[in-house]
Amino acid sequence: ERVIGDLSRKADELARDLASLRHMAIATAVERYRLVSGYPPDNLDALVPAFLPAIPQDPFDGKPMRYRRKGAGYMVYSVSINLQDDQGTVSKRYYREGDYVLSVAH
């Protein structure tokens, strides 16, 4: 039982690390888009193919990573291990509820 719990925790950590890398790849593409247009895109589709070859997948559910504009800023997020899209609500309990979010304010 202990080994299974440890493996499950390691898989969660790996998925979070992968989500972090994808957050950064998307944020980099959004900032490049902003340099050209003066504002962030309304959606991630605007980044393909000029700034990203494709929209990265959420490592938790295999769907495209999520993105929401917030005024002049934006958020990129993953559903995290609860596999529910909580609309960018930040996780409060070790990612067991809420989403795994990168927020950028301008």
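In the predicted model, Asp42 is exposed, its relative accessibility of 62% lying over the 50% cut-off. The side chain of Asp42 meets that of Arg69 in a salt bridge, with an N to O distance of 3.0 Å, and this pair links distant parts of the chain, since Asp42 belongs to the loop between helix H1 (2-37) and E1 whereas Arg69 lies in strand E1, 27 residues apart. Arg69, at 33% relative accessibility, counts as partly exposed.

The contact between Asp42 and Arg69 is one of six salt bridges in the structure. Another is formed by Asp58 and Arg66, whose closest N and O atoms are 3.1 Å apart; here Asp58 is buried, with a relative accessible area of 1%, and Arg66 likewise counts as buried at 13% relative accessibility. Arg66 also meets the side chain of Asp61 in a salt bridge of 2.8 Å, N to O, although Asp61, at 26% relative accessibility, is partly exposed. Through salt bridges that share partners, Asp58, Asp61, Arg66 and Asp85 are joined into one network.

Strand E1 (66-70) belongs to an open sheet of three antiparallel strands in the order E1-E2-E3. Strands E1 and E3 (100-104) form the edges, each pairing on one side only, and neighbouring strands of the sheet are turned against each other by 20 degrees on average, direction ignored. Five bridges join E1 to E2 in antiparallel fashion, including that between Lys70 and its partner Gly73 in E2. These two strands form a hairpin with two residues between them, and Gly71 in the turn adopts a positive phi of about 65 degrees. Strand E2 (residues 73-78) is in turn joined to E3 by five bridges, again with antiparallel direction, and among the bridge partners are Ser78 and Tyr100, the latter in E3.

Aromatic contacts were examined by a search of the whole structure, which finds three aromatic pairs. In one of them, the ring centres of Tyr33 and Tyr39 lie 6.3 Å apart and the ring planes stand at 70 degrees, so the arrangement is edge-to-face, the angle being over the 60 degrees that this class requires. The two residues are described by different accessibility classes, because Tyr33 has a relative accessible area of 16% and is buried, whereas Tyr39, at 43% relative accessibility, is partly exposed. Ring pairs further link Tyr33 and Tyr39 with Phe51 into a cluster.

How values were computed
Residues numbered from 1 in each chain as written. Predicted model: local features only at pLDDT ≥ 70, side-chain atom pairs only at ≥ 80, totals over all residues. Heavy atoms only, no water. Phe/Tyr/Trp six-rings, centres within 6.5 Å; stacked < 30°, edge-to-face > 60°. Buried < 20%, exposed > 50% of the residue type's maximum accessible area, 1.4 Å probe, protein only. Pairing = 2+ DSSP bridges. Helix = DSSP H or I, 4+ residues; strand = E, 2+ residues; numbered from the N terminus. Axes fitted to C-alpha atoms, helices over the stretch in contact; angles between N-to-C directions. Salt bridge = Lys/Arg side-chain N within 4 Å of Asp/Glu carboxyl O.
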